[in-house]
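Subject: Structure handover

Hello,

Here is the structure I said I would pass on. Please open it alongside this message.

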Amino acid sequence: MSNDNSRNLYDLALKHIPGGVNSPVRAFKGVGGNPLFFKAGQDAYLIDADNNRYVDYVGAWGPLILGHCHEKVIDALRNQLQRGLAFGASTEAEVLIADKICELMPSIEKVRLVTSGTEATMSAIRLARGYTGRDKIVKFEGCYHGHVDGLLVKAGSGALTLGEPDSLGVPKAYTDLTHVLPYNDIDAVENFFSACGDEIACVIVEPVAGNMNCVPPVPGFLQALREQCSKHGAVLIFDEVMTGFRVALGGAQSVYQVNPDLTTIGKVIGGGLPVGAFGGKQEIMDMIAPLGAVYQAGTLAGSPLAVAAGLAMLNVISRPGFYDELATRTEFLLSGLQERADQARIPFTTNQVGAMFGCFFSAEDKISQFSQVMNCNAERFKHYFHIMLQNGVYLAPSAYEAGFVSSAHGEEEIQLTLDAAEKAFAALAD
Ligand SMILES: *Cc1c(COP(=O)(O)O)cnc(C)c1O
C-alpha cells in the first residue's frame with residue numbers, strides 16, 4: 001500500500017501549519033509514523049490521498065454516526081446552500097432543532113447553540129459560576145472538556161490535588177479554581193464535598209469518559225454526583241459532547257437515569273459540521289444574555305448549514321430501533337476482537353456503551369479507573385494500530401481515544417476489521 005501522496009502532503013503541510021495539522025492528535029504522535037491525508041469519505045469508509053480505503057472507526061471523532069455522506073444529511077445541506085449560508089439573525093430551523101434537542105433530552109428545558117464543544121463547556125461553566133455566585137469547579141482526571149483554560153488540568157496521582165495547568169499559557173491563577181478528582185471514585189467526591197461543597201459552583205463530568213479511551217461510570221458514581229451537587233447547591237454539568245446522541249438517543253443521562261442541571265453537546269448534533277450547544281434548567285439558562293447578566297454570544301452560532309445537517313441527522317437517528325441495531329453491531333465487533341485476542345493469547349479487554357467502545361491491551365478484567373488505562377500496554381497498541389492500518393482499518397491514532405461504530409458499518413466492514421485484527425494479534429504474539 002503506497003502512502004506517497006500523504007507523505008508529500010504532510011511535508012508540504014509542515015511548512016505553513018504548525019506540526020502539519022489543525023488539531024494535535026491528527027499528527028500520529030501517539031503511534032509514530034506519518035499522518036494520512038484523506039480526500040473522501042463514503043459510508044463506513046475513508047479514502048486517503050493515495051486511494052487506499054479504510055473502514056473508519058474515528059467517524060470524525062464522533063459526529064458521523066450515520067457514516068460519511070449520508071444522503072439525508074447531504075440533501076439537507078444542498079437545500080440550505082441554495083438559500084443562504086448565514087444571516088446573523090434567527091431562522092425557523094433553530095427553533096426546530098432546539099425543540100428537538102429538548103424533546104430528546106428532557107433535562108434540557110432551554111438550549112443555546114454555539115460553534116464547538118469547547119465553547120459549550122466554557123459557556124456552561126461561566127453560567128454555573130454566574131448562577132451560583134461561586135468560583136470553584138470540580139472536574140475528573142482523564143476527562144477532556146475542550147481546550148478551555150481552566151479545564152486543561154489533569155490530576156497527579158489520583159489524589160485530591162489543586163490543579164496544575166497542562167499547557168503553557170494557562171495562568172496558574174485560572175487552574176487554582178479547578179479541583180481534580182479521580183474518575184469513578186465515589187468516596188473522593190463525598191469527602192471533597194464535605195470539606196468544601198458550599199464553595200463549589202459546578203461539577204463537570206463526562207458521564208461516560210471517552211477521552212481516556214472509553215471508561216463507563218461505575219454503578220452509583222453519577223448518582224453520587226447528583227446527590228452531592230443537590231445537597232450543596234452546586235450545578236451538575238454532564239459534558240455529553242461525545243456521548244450525546246451517541247450512546248443512546250437521550251445520551252448517557254438516559255442510559256444511567258441521572259439528570260444533570262446543565263448538559264453540553266456537540267459532535268453528533270452537527271452532522272459533521274462545526275457545532276456545539278449547552279442547555280438545561282430554565283432557571284439557570286435564563287441567566288444568559290439577553291435575559292440575564294451572564295454574557296455569551298457567537299457570530300456564526302446557529303449556522304443555518306450546521307443546523308440543517310444536525311436536524312437531518314437527528315431525524316434519522318430518532319427512528320425506533322436505530323440504537324439497538326448499532327449496539328448489536330458494536331457488540332459483535334467487540335466479541336469478535338476479544339475472541340481473536342484470546343486465541344492469540346494477547347491480554348485484551350473491551351468496554352462498550354451503545355455505539356461507543358474502548359479496546360485495552362491489559363490483563364485486567366474490567367477497566368474503570370484512569371490509572372488502569374495508563375497501565376495498558378501502549379507499545380502493543382502502536383504496533384496493533386499500524387497493522388490494522390495496513391490492513392484497511394483506520395483507528396484513532398492514540399491508545400486514549402474511544403472508537404465509534406456508525407450505521408454504515410455492516411457485516412462486511414466488521415468482518416474485514418476482524419480479519420485484520422486476527423493478523424494483528426498473531427503478529428503481536430510473535
Ligand atoms: C470533543 C469534546 C469536547 C470538545 O469539543 P470541540 O468541538 O473539539 O471543541 C468537549 N468535551 C468532550 C467530552 C469531547 O469529547
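Below are notes on helix packing, salt bridges, a few single residues and some backbone details. Please keep in mind that this is a predicted model.

Helix packing

Start with helix 2 (residues 71-81) and helix 10 (residues 304-317), whose axes are 8 Å apart and make an angle of about 150°. An angle over 145 degrees counts as roughly antiparallel, and helix 2 and helix 10 are therefore roughly antiparallel to each other. The crossing of helix 2 past helix 10 is right-handed. On the helix 2 side, the contact is made by Lys72, Val73, Ala76, Leu77, Gln80 and Leu81. On the helix 10 side, the residues met are Pro304, Leu305, Ala308, Ala309, Ala312, Met313 and Val316. Sorted by class, the contact of helix 2 with helix 10 has eleven nonpolar residues, one polar and one charged.

The other pair to look at is helix 13 (residues 378-390) with helix 14. Here the angle is about 135°, and the axes lie 9 Å apart. That makes helix 13 oblique to helix 14. Helix 13 and helix 14 also cross in a right-handed sense. Helix 13 brings Arg380, His383, Tyr384, Ile387 and Met388 to the contact, and helix 14 brings Thr417, Ala420, Ala421, Ala424, Phe425, Ala427 and Leu428. By class, that contact of helix 13 with helix 14 consists of nine nonpolar, two polar and one charged residues.

Salt bridges

A search of the whole structure gives ten salt bridges. Among them are the three pairs described here.

Lys136 pairs with Glu199, with 2.5 Å between the closest N and O atoms. This pair links distant parts of the chain, 63 residues apart: Lys136 is in strand 5 (residues 136-140), and Glu199 is in the loop between helix 6 (186-196) and strand 10 (200-205). Lys136 has 22% relative accessibility and counts as partly exposed. Glu199 also counts as partly exposed, at 39%.

Asp261 and Arg226 form another salt bridge, at 3.1 Å from N to O. Asp261 is in the loop between helix 8 (251-256) and strand 12 (262-266), while Arg226 is in helix 7 (residues 221-232), so the pair ties together parts 35 residues apart in sequence. Asp261 is buried, at 4% relative accessible area. Arg226 is buried too, at 18%. The pair belongs to a network of salt bridges that links Arg226, Asp261 and Lys281.

The third pair is Glu422 with Arg340, at 3.3 Å from N to O. Glu422 sits in helix 14 (residues 411-429) and Arg340 in helix 11 (residues 322-343), so parts 82 residues apart in sequence are tied together by this pair. Glu422 is partly exposed, with a relative accessible area of 41%, whereas Arg340 counts as buried at 14%.

Single residues

Gln369 is in the loop between strand 15 (356-360) and helix 12 (370-374). Its relative accessible area is 29%, which means partly exposed. Leaving aside residues up to four places away in sequence, Gln369 touches Tyr183, Asn184 and Val215. From Gln369 to Asp166 there are 203 residues in sequence and 20 Å in space, C-alpha to C-alpha.

Glu119 is in helix 4 (residues 117-132). With residues up to four places away in sequence again set aside, Glu119 touches Val114 and Ala297. The C-alpha atoms of Glu119 and Gly298 are 9.5 Å apart, with 179 residues separating the two along the chain.

Backbone details

Where is there a cis peptide bond? It joins Ala289 and Pro290, and omega is about 10°. Pro290 is in the loop between helix 9 (282-285) and helix 10.

Asp43 has a phi near 55°, which is a positive value in a residue other than glycine. Asp43 is in the loop between strand 1 (38-42) and strand 2 (45-48) and is partly exposed, with a relative accessible area of 39%.

Gln257 is not a glycine either, and its phi is positive at about 60°. Gln257 is in the loop between helix 8 and strand 12. At 67% relative accessibility, Gln257 counts as exposed.

Regards

Technical notes. Residues numbered from 1 in each chain as written. Predicted model: local features only at pLDDT ≥ 70, side-chain atom pairs only at ≥ 80, totals over all residues. Heavy atoms only, no water. Axes fitted to C-alpha atoms, helices over the stretch in contact; angles between N-to-C directions. Helix = DSSP H or I, 4+ residues; strand = E, 2+ residues; numbered from the N terminus. Parallel < 35°, antiparallel > 145°, perpendicular 65-115°, else oblique. Left-handed = near helix turned anticlockwise from the far one by under 90°. Contact = heavy atoms within 4.5 Å. Nonpolar A, V, L, I, M, F, W, Y, C, P; charged D, E, K, R; others polar. Salt bridge = Lys/Arg side-chain N within 4 Å of Asp/Glu carboxyl O. Buried < 20%, exposed > 50% of the residue type's maximum accessible area, 1.4 Å probe, protein only.
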